[in-house]
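Subject: Structure handover

Hello,

Here is the structure we spoke about, with its sequence. My notes on what turned up follow below.

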Amino acid sequence: MYDSTPLYDQSLLTGLESDVRTVSEAWFDHDAHTSVEQFVCTCPLAYVRFDPHDHYADSTYYEIGTLFRVFVLKELHGWGHETTLVEYLDRHPEICEQLGLESIPDQSTLWRSWHTGFTEDLQATIETVARTILINAQKAGVPVPREPDRTFRHHDTDSGELDLDDKTVLEQASGITDHISHIVFHAFSLDRSESCEIHENAYWDLQTYLGLREDLAANEGARSFIHESTRDRTPLGHAHRDHLRDLSIKQIREMYRQAVGRLLEEVAATEAFYRAGIVAIDITEADPSTGDRTGHEDEIIGTKENTDEYTYQWATVQLVGNAVPLVLDARPIRRGETRKDIAEDLLDSAENLVHVDNILMDREFDSQHVLEMISQHELSYVVPKRMQTSEKAQAKRLLRRDQDRYENDRKPHLSKHDWHETTLIYRRNKNSGHDDHRQYSVFMSNCGSGHLTEYGYRWEIESGYRSIKRFMAATTSKNFVLRFFYFAFACLLYSIWRAVDLLVQVELTDEYEHSPIVTADNTLTLLKKETGIG
């Protein structure tokens, strides 16, 4: 982490937290690694500069790095008093030897080190590191001394009650946004020579800046950015676009998945993340294209509806339900790609990032080949079906019988001798505004009607797309890579917003309600501040 980006220097504790998270996850996967105490003793710390977080100006008998490990042990066990820690070290001379302790510090020395020597940031990092170790050990089946906290600790006010006014929320969001922006933007990189005078981070700052304002294009935004940025050198609009055009779709998607993976690592310690399991795959469109699309017919394709308009189309897979609604992956759609290929590609991405149980899709994915592919992944699905002659006839029969719900097993053909078994579920909506068979909707599912209520979670997709498009930079360019990058980066800004909101809620209330308390504008403003803009 420290070698690969100037975002971290050796005194930044967020880099230490990130490294411990990465190393511990790999370390505990090894069959021979069955002890959290052993990891604490061997985790590499030689690169960390602790001195900015040490209140003691003069050298002390015990190195701060050693004390860091000692207090991580204390936090791992959840001991509330240093005396218990001293007794533990006295009973385990092998641990003391591995820690490099020639003598065991007494209780008063440890108390002073924690309360007087360590900064609050270092104390918080010790708590975070211990929680991360416990979680990763538990995931690997390694015995842990206590259950890891699934929520972040919050600090009560003097009255013992939390005042969730705008000031409190924004103060909490500011620190979290700063932390996340350091982690996430590190995943993006441009193919430039090392001799370039303009720092690469300035390009991501500019892209964020373009997302701060509606309908702001790169040229105009770059001119304004010169005055609002605190950087000495900033990119020009044409240079910014040229570097983005040099990327490939594959590179953009890989960088996006890395960034989202880092976001997921941040929210993984909260109970809300452990409710993840439902994803939705959907397609959205850019505004209709009004210019000449000669040479771009495979990229500027028809709309989802049967119209004579043409537009770019993007597909996404997103967490829905009770989980934080992050966009896990995004991809462009070209003419000729099947819905099965699109769905399988996005599903593979999602399963590499989170645990998936159920998939929700729009009716354009009601192909039996798509449904069979999902079943082969041993996942459940709910997909609305376009009503053909037989479904309309069945709906008319249900209407005559005044029946609100009906299930029917069906085996659509895959090929000459193959079928896919599914269940058709008819559901009536008396408030639909129709007085005929159109009161009924038909869904296909391989798990019965029990998951049908979950399909209502899809409303989040359309709501999310509106916010994502709010974060997009404006352009009239027909360059497919540039267009897709603008969309993907907007998806990232949206996901950062939702992750920040979750962490703020958990920090302040220990709970997560789906309705955000941090607004999208709040998050963009904080990102603007933390990236050096303004």
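The count comes to two cavities of 30 Å³ or more. Bear in mind that this is a predicted model. The largest cavity holds about 60 Å³ of space. Its lining consists of Val-20, Phe-39, Val-40, Cys-43, Leu-45, Phe-68, Arg-69, Val-72, Val-129 and Ile-133. By class, that makes nine nonpolar residues, no polar ones and one charged. Helix 2 (36-42), helix 3 (64-77) and helix 7 (120-139) each supply at least two lining residues. Helix 3 gives the most to this lining, with three residues.

Now the pockets. The second largest pocket has a volume of about 600 Å³. It is lined by 22 residues, and the closest to its centre are Ala-286, Asp-287, Met-472, Thr-475 and Arg-483. Two or more residues come from each of helix 16 (459-470) and helix 17 (480-509). The lining of the second largest pocket splits into nine nonpolar, five polar and eight charged residues.

For the chain as a whole, the secondary structure comes to 18 helices and ten strands. The chain has 534 residues, and 52% of them are buried. Take the contacts with a separation of 6 or more: 66% of them join residues 24 or more positions apart.

Next, the sheet. Eight strands form an open sheet with mixed pairing, in the order 5-4-1-6-7-10-9-8. Strand 5 (327-332) and strand 8 are the edge strands, each pairing on one side only. On average, neighbouring strands of this sheet are turned by 20° against each other, direction ignored.

At the strand 8 edge, the pairing with strand 9 (residues 422-428) is antiparallel and spans six bridges. One bridge there links Glu-407 to Ile-425 in strand 9.

Towards the other edge, look at helix 13 (residues 339-353). Helix 13 lies across strand 1 (278-285), strand 4, strand 5 and strand 6 (358-361). It runs at about 150° to strand 5.

Which residues does Gln-313 contact, leaving aside its neighbours within four places in sequence? The list is Ile-283, Thr-284, Glu-285, Ile-301, Gly-302, Thr-303, Lys-304, Pro-332, Ile-333 and Arg-339. Gln-313 itself lies in strand 4 (residues 313-319). Is Gln-313 buried or exposed? It is buried, because its relative accessible area is 3% and the cut-off for buried is under 20%.

Two backbone details are worth a look on screen. Glu-378 has a positive phi of about 60°, although it is not a glycine. This residue sits in the loop between helix 14 (368-376) and strand 7 (380-384). Glu-378 has 73% relative accessibility, so it counts as exposed; the cut-off is over 50%.

Asp-402 is the other one. Its phi is also positive, at about 55°, and it is not a glycine either. Asp-402 lies in the loop between helix 15 (389-400) and strand 8 (405-410). That strand is one of the two edge strands of the sheet.

Best wishes

Note on methods
Residues are numbered from 1 along each chain as its sequence is written. This is a predicted model: local features need pLDDT of at least 70, side-chain atom pairs count only at pLDDT 80 or more; totals for chains, interfaces and linings use all residues. Side-chain values use heavy atoms; hydrogens and water are left out. Helices (H or I, at least four residues) and strands (E, at least two) are DSSP runs, numbered from the N terminus. Buried means under 20% relative accessible area, exposed over 50%, partly exposed in between (1.4 Å probe, protein chains only). Contact means heavy atoms within 4.5 Å. Two strands pair if DSSP finds at least two bridges between them. Axes are lines fitted to C-alpha atoms, for helices over the stretch in contact, and angles run from 0 to 180 degrees between N-to-C directions. On a 1 Å grid over the protein atoms alone, a cavity is a set of points where a 1.4 Å probe fits but cannot get out, and a pocket is an open set with protein on both sides within 12 Å along at least five of seven lines; lining residues have an atom within 4 Å of a point. Grid points are joined across faces, edges and corners, and a volume is the space filled by probe spheres set on the points. Ala, Val, Leu, Ile, Met, Phe, Trp, Tyr, Cys and Pro count as nonpolar, Asp, Glu, Lys and Arg as charged, and the others, Gly among them, as polar.
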